[in-house]
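Q: Please guide me through this model and show me how its features are read.

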Amino acid sequence: MVGCNNDATPANGNFAAENQDTSLRKRVIFAPVGVIRGAINHNTTDYYVLNGAIQGFHHDILRHYADSRGREIELEIINEDYDTIRSLLRSGKCDIVAMNTSPDYSDTNSIYHSDPIIHNDIVIVTPRVADATTRELIEGKYISVKRGSLASEALYRFRDTCGYLFFIVELSSSITSEDMFNDVMRGVFAGTANYKHKARTAAYRMPGIGIQETIEESAPICWEFRTAEARDDFNEWLKEFKSKGNVAYLYRRYYRNRGADHIIRYGQIYSPRLSEFDEIFKRESKVLDWDWRLIAAVAYTESQFKDTIESVHGAYGLMQIQEVAATQFGVQDYYRADSNVYVGARYLAYLDNMFAKYIDNAEERIRFTLASYNAGYGHIFDAMRLAKEYGYSDTLWSGNVENFLLIKSQPQFRESPAVRNGSCDGKQSVDFVRRVLRSYRSYTQTKKM
């Protein structure tokens with residue numbers, strides 16, 4: 001709840017009425033913040049939410065790329081067949097498919113593949129049986145594979161050349177690799193074909209399965225893009241990113257680390273539970289009629305769900321409460337998690353009610369409320385007055401008020417009569433709003449299986 005330097009005070013009177021006429025916009029132009037719209041798979045390695053944190057191999061690469069270009073990402077968390085996914089690209093609903101895809105896909109007129117992110121073998125996975133050959137384990141039996149995948153093509157080629165018969169069952173590509181490995185463990189299928197890095201990660205937590213045989217070596221794993229220009233820009237960035245060892249580091253983190261949280265806590269990734277404090281968030285969210293997961297996103301952004309953390313400014317707990325805020329709502333023991341969230345939710349409700357006088361749109365009001373929670377509402381009113389003065393909307397956050405919060409501490413703006421509350425670290429507060437909403441979108445989009 002601390003983002004700026006000076007105490008913040010509320011605006012007086014009718015906010016809109018105290019602003020001067022702005023029939024002509026003053027010469028302040030802001031570059032728009034671009035958005036990358038991506039489609040990504042929800043599973044234990046590509047994209048997942050664990051203890052509030054958004055993680056995953058493909059997610060982290062996309063996040064680094066977007067950050068390097070000064071852009072936000074909006075994700076479609078999806079487990080659908082490849083034709084459905086590619087229809088998102090063709091229709092313009094998505095810019096990037098950040099998943100394991102193959103450059104062998106034939107529709108090169110409308111789909112553009114990146115350079116390989118990594119190369120990996122395709123293998124047959126069976127129950128672990130000492131000294132058994134692949135033929136002994138799968139001949140005359142049923143082997144599963146995802147329809148339309150590179151593994152499917154490799155498996156058919158292997159059957160044509162191996163010299164013995166087995167039956168291939170193509171499953172919907174919306175099925176997760178984890179489910180396919182579990183089916184092998186349970187004896188539903190005698191084996192399955194998949195990427196080696198996926199199989200090895202699964203074997204860390206399922207010692208009953210084993211990698212039996214490589215059926216294709218060093219298969220390229222690429223992303224798909226809607227335009228050649230976007231593909232070329234990504235390739236240029238990827239070359240430098242890989243040269244610094246970053247892809248190799250992420251690969252080790254997600255696929256070679258048997259002690260990683262996403263392997264040890266596999267069940268939590270597919271659980272509807274965000275944290276041990278969910279019931280508190282659900283109860284206290286009712287005071288301002290927000291989705292409880294938005295309160296959870298605030299708490300995660302403030303404290304990473306660490307209920308005993310204390311900042312250098314004296315803010316404490318899940319919601320980073322200061323004593324003055326706790327006193328405002330009659331709470332002394334704000335060191336307890338339930339009391340801490342009680343205060344945080346009521347302060348958010350207090351801010352939301354304050355901005356309701358000026359901002360009718362509930363979604364916009366959330367952004368102003370979150371910024372005020374971090375910076376102090378006086379600084380947000382300063383930015384609103386500056387936006388109005390320079391011909392921008394004082395009731396829209398993105399591209400308007402947020403920009404003036406970023407620059408209001410610069411000398412040429414700090415001396416304006418609109419600025420009444422001193423200097424402010426606007427970047428911290430703008431980033432806070434973005435991080436909270438990014439977490440919230442992930443909490444609501446992720447499909448719990």
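Reading the features

Q: What is the relative accessible area of R336, and how is that residue classed?
A: Residues are sorted by relative accessible area: buried is under 20%, exposed is over 50%, and partly exposed lies in between (1.4 Å probe, protein chains only). R336 has a relative accessible area of 43%, so R336 is partly exposed. The model is predicted, so local features need pLDDT of at least 70 and side-chain atom pairs count only at pLDDT 80 or more, while totals for chains, interfaces and linings use all residues. Residues are numbered from 1 along each chain as its sequence is written, and side-chain values use heavy atoms, with hydrogens and water left out.

Q: Which residue forms a salt bridge with R336?
A: A salt bridge is a side-chain nitrogen of Lys or Arg within 4 Å of a carboxyl oxygen of Asp or Glu. The partner of R336 is D338, and their closest N and O atoms are 2.7 Å apart. D338 is partly exposed too, at 26% relative accessible area.

Q: How many salt bridges does the whole structure hold?
A: The search finds 26. One network of salt bridges links R37, D95 and R226. In another case, E240 and K244 meet at 3.3 Å, N to O; E240 is partly exposed at 45% relative accessibility, whereas K244 is exposed at 57%.

Q: Which parts of the chain does the salt bridge between R253 and D60 tie together?
A: Helices (H or I, at least four residues) and strands (E, at least two) are DSSP runs, numbered from the N terminus. The closest N and O atoms of R253 and D60 are 3.4 Å apart. R253 belongs to helix α8 (residues 246-255) and D60 to helix α1 (residues 57-68), so the pair ties together parts that are 193 residues apart in sequence. R253 is partly exposed at 29%, but D60 is buried at 10%.

Q: What surrounds K146, which is buried yet has no salt bridge?
A: Lys and Arg count as positive and Asp and Glu as negative, with His and the chain ends not counted. For K146, the nearest side chain of opposite charge is that of E178, 7.0 Å away. K146 lies in strand β8 (residues 142-146), and its side chain reaches the backbone oxygen of I175 at 3.0 Å. Contact means heavy atoms within 4.5 Å; leaving aside neighbours within four places in sequence, K146 is in contact with S152, L171, S173, I175, T176, S177 and M180.

Q: Which residues form a nonpolar patch with Y142?
A: Patches are made of residues with over 30% relative accessible area and no salt bridge; like charges are joined within 9 Å, and nonpolar side chains (Val, Leu, Ile, Met, Phe, Trp, Tyr) within 5 Å. Y142 is also found in strand β8 and is partly exposed at 48% relative accessibility. With L165 and F167, Y142 forms a patch of about 300 Å² of accessible area together, by the Shrake-Rupley method with a 1.4 Å probe, only the protein chains shown counting as cover for residues.

Q: How many residues of helix α17 are buried, and against what do they pack?
A: Eight of the 11 residues of α17 (397-407) are buried, among them W397, F404 and I407. The buried residues pack against α15 (362-375), α16 (377-389), α18 (411-414) and α19 (426-445).

Q: How many helices and strands does the protein have, and what percentage of its residues is buried?
A: The protein has 19 helices and 11 strands. Buried residues make up 55% of its 449 residues.

Technical notes: A polar contact is a pair of N or O atoms within 3.5 Å; within protein, one must be able to donate a hydrogen and the other to accept it, and residues adjacent in sequence count only if both atoms are side-chain atoms.
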